[in-house]
Every structure is written in C-alpha cells, then in structure tokens.
Amino acid sequence: TPRIFSGIQPSGGLTLGNYLGALKRFAALQGDQAETVYCIVDLHAMTVWQDPEALRNRTREAAAAFMASGVDPVKSILFNQSQVSAHAEMAWLFNTVARVGWMYRMTQFKDKAGKNSENVSLGLLAYPALMAADILTYQATAVPVGEDQKQHLELTRDVAAKFNHDYGVNHFPITEPLIEGAATRVMSLRDGSKKMSKSDPSDASRINLTDNADAIAQKIRKARTDADPLPGNMEGLKDRPEARNLINIYAALADETPDQVLARFEGQGFGAFKPALAEVAVATLAPITRKMGEFMDDPAEIDRILGQGAIRADEIASPILERTKDIMGLLRTR
Ligand code: AQP
C-alpha cells in the first residue's frame with residue numbers, strides 16, 4: 001500500500017486555511033487505499049521563536065484539531081515530530097545533499113526572512129531539508145498540501161533524485177504532491193493577495209478553528225469585498241480576488257464546485273452571500289471547535305495518543321534511516 005505523509009506546524013492556532021487545505025483532506029485520505037502518517041511538525045515551528053510553554057500547548061491543540069477534523073489516531077499514525085529522532089537525523093544527512101542555493105530560492109524563506117535574511121535562524125534556511133526528511137524518512141509517495149507548499153515539495157523531489165544519483169541507488173521515491181479541491185490556497189479575509197495564515201498579525205484576516213459562531217459571522221461580514229453582483233461562473237471573477245476567495249471557501253465547505261455555488265448566487269450581492277457563507281462556515285466549524293475543546297479537556301490522553309503514534313512512526317522510520325546511513329558509508333557497529 002502506498003504511504004501518504006503530511007504535517008502541520010504548531011506555530012499558532014490553526015486556521016480555516018489549514019482545515020480546508022490540509023486537515024479535511026487528511027481525514028478523507030484515510031482508508032485501505034493508503035497508509036496515512038500525519039505529523040505535528042514542532043521542529044519546523046521553532047525555526048522562528050516560540051515561547052516554550054506555548055509551543056507545548058499548541059502542539060496538544062494541533063493534535064486536538066487533527067482528531068476533531070476526523071483524523072483517527074488508530075487508522076492513521078498521528079504524532080509530533082520531535083518524538084521521532086529519525087526526522088532530525090535524516091535532515092542532517094540531507095543537509096549534505098541539498099545545496100545552499102536551493103534554499104535561498106525558496107519563496108517562503110524570502111517571505112519569512114524579509115530584509116533581515118542574515119539574522120534569521122539557520123534552521124529557517126534549512127527548513128526544506130527537514131521537510132524532505134519528514135517525507136522521505138517514510139519513503140512516502142504522496143503528500144497532501146496546500147498550494148503554498150508546492151515549491152518545498154519540488155525541493156523534496158530534488159533531494160531524492162540527487163541522493164539516488166550521487167549514491168547510485170533507487171532508495172528514495174520521487175514524491176507526488178496532492179494539491180486538490182477548491183481551497184488549495186485560502187486567502188486572507190482582509191487582503192485577497194495574501195494567504196490566510198496563522199501568523200498574520202491581524203486576527204480579522206483569518207478564521208481560527210477556535211473562533212465561536214459570533215466571531216466567525218463577524219469576520220465574514222467584515223471581509224473585504226467589492227460592490228458588484230456575483231456572476232454566473234468563476235470566469236467572471238478573474239479580476240476579483242476577494243470575491244473569488246469567498247466563493248472558493250463556500251465551495252470547499254459545502255463540497256460543491258465554485259461554479260455550482262455561483263449558479264445559485266448569480267446576480268446577488270455580498271449582502272446576501274455573506275450570511276449564507278457564515279451559515280455554512282459555522283455549521284462546519286462549530287462541531288470541530290466543540291470536539292477540540294473536549295479533547296483539550298484531557299491533555300494526558302492527547303499525550304498518550306501522540307506517544308503511541310511516535311512509537312508506530314519510529315518503527316517505519318528507523319529502518320529507513322539505518323539503510324540510508326549504510327548507503328552513505330556511515331559505519332554501523334551496534
Ligand atoms: N491559506 C491556506 N490555504 C490552504 N492551505 C493552507 N495551508 C496553510 N495555509 C493555507 C496548508 O496547511 C498545511 C500546514 O501548513 P503549515 O502549518 O506547515 O504552515 P504554513 O503553510 O506556513 O501555514 P501558515 O498558517 O501560514 O503558518 P505560518 O503562519 O506559521 O507560516 C500545509 O499543507 C499548507 O499548505
């Protein structure tokens with residue numbers, strides 16, 4: 001059976017973007033067709049400063065969000081990255097394979113480093129090598145992600161190909177990204193050119209999975225839009241990024257295509273559309289928020305689940321790491 005791997009950083013509270021671009025699809029991919037390995041990537045989160053206590057709590061909260069979104073820790077392997085040391089070890093091995101120039105070309109690095117690129121952590125630059133390690137330590141063949149992670153996945157393919165070439169082996173698979181659906185890139189509610197992000201300074205820019213119904217409705221009501229009525233299909237929204245975003249969100253939440261949504265709202269304005277969007281958003285998110293709260297009431301149980309998941313993950317990762325070390329000529333004597 002093919003193996004699917006993906007992860008989410010506990011670098012803040014999770015958003016509607018994380019839900020539609022990642023969590024919802026993680027849950028849908030569970031089943032007999034593939035083995036699903038899902039990771040809360042705490043080592044990635046700490047490439048920018050994290051308060052230690054907050055990081056620990058957000059790791060538990062992310063686990064609660066996975067489970068509340070339908071990720072079953074029996075059907076899937078669910079764990080936090082730092083509990084399986086193969087990730088960090090493999091990342092070091094990949095630091096010797098990947099090239100510095102590859103890292104400087106990453107748009108996420110450029111965005112996060114800004115003008116300050118000499119002063120960010122070395123980890124922020126090496127981030128994609130750790131991500132390649134996450135995926136390839138499981139020899140995963142498919143990775144469900146949002147659009148923003150496409151470039152990092154191409155780098156993962158480059159690492160695998162260069163490793164296989166340099167060592168004359170066929171050890172690592174060339175991973176396929178799974179970027180599907182209407183919400184592969186949910187945009188900020190305040191700015192249709194920016195991705196909805198858990199670390200955006202403006203809370204009004206995003207819907208958090210912990211927001212209550214009133215907050216969700218208010219954020220949607222205040223979302224930036226234009227004054228024009230809605231057209232009958234997506235073609236008509238080419239130059240209206242904010243409108244396109246809200247339609248895509250509705251479609252993803254309702255499991256419809258954007259054109260189906262527009263067919264129903266054609267000719268109407270946002271005064272009619274926004275309350276309808278708020279209604280589907282609340283109907284979908286309220287049960288998730290409630291279940292997250294229930295999981296968070298028992299942090300010891302979350303810790304137990306993550307510990308069990310880490311043991312299962314390690315059973316897959318360790319032999320692949322050992323084989324990788326052998327290939328690279330690292331002497332093994334115990
Ligand atoms: N806005 C989004 N639309 C669709 N998918 C998204 N994802 C994130 N934002 C959106 C997907 O969620 C998964 C986990 O992302 P991540 O936690 O690794 O971090 P990120 O992509 O950097 O997301 P954020 O929220 O913007 O975090 P910060 O602010 O810390 O950088 C990925 O599959 C991602 O594509």
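What follows is a short exchange about a predicted model, its ligand shell, its domains and its core.

Biologist: What makes a local feature count in this predicted model?
Modeller: Local features need pLDDT of at least 70, and side-chain atom pairs count only at pLDDT 80 or more, while totals for chains, interfaces and linings use all residues. Residues are numbered from 1 along each chain as its sequence is written.

Biologist: Which residues around the ligand come nearest?
Modeller: Gly17, Gly21, Gly146, Ser197 and Ser199, of 23 residues around the ligand. A residue is near a molecule if its C-beta atom, placed from the backbone, lies within 6 Å of it. Helix H1 (residues 16-28) gives the largest share of that shell, 5 residues.

Biologist: How do you know that domain 1 and domain 2 touch?
Modeller: Contact requires C-beta atoms, placed from the backbone, within 7 Å. By that test, 10 residues of domain 1 are in contact with 9 residues of domain 2. H1 and helix H3 (52-68) each supply at least two residues of the domain 1 side.

Biologist: Why is the largest nonpolar core said to lie between the domains?
Modeller: Domain 1 (3-178 + 298-328) and domain 2 (203-294) both give residues to this core, so it lies between them. Those bounds come from an automatic or database domain assignment.

Biologist: Which residues of that core touch the most other members?
Modeller: Val37, Ala63, Ala65, Phe66, Phe94 and Ala132, out of 92 residues. Leaving aside neighbours within four places in sequence, Ala65 is in contact with Leu14, Leu23, Leu209 and Met292.

Notes: Helix = DSSP H or I, 4+ residues; strand = E, 2+ residues; numbered from the N terminus. Contact = placed C-beta atoms within 7 Å. Core = buried A, V, L, I, M, F, W, Y, C linked by C-beta atoms within 7 Å. Buried ≥ 20, exposed ≤ 12 C-beta atoms within 10 Å, placed from the backbone.
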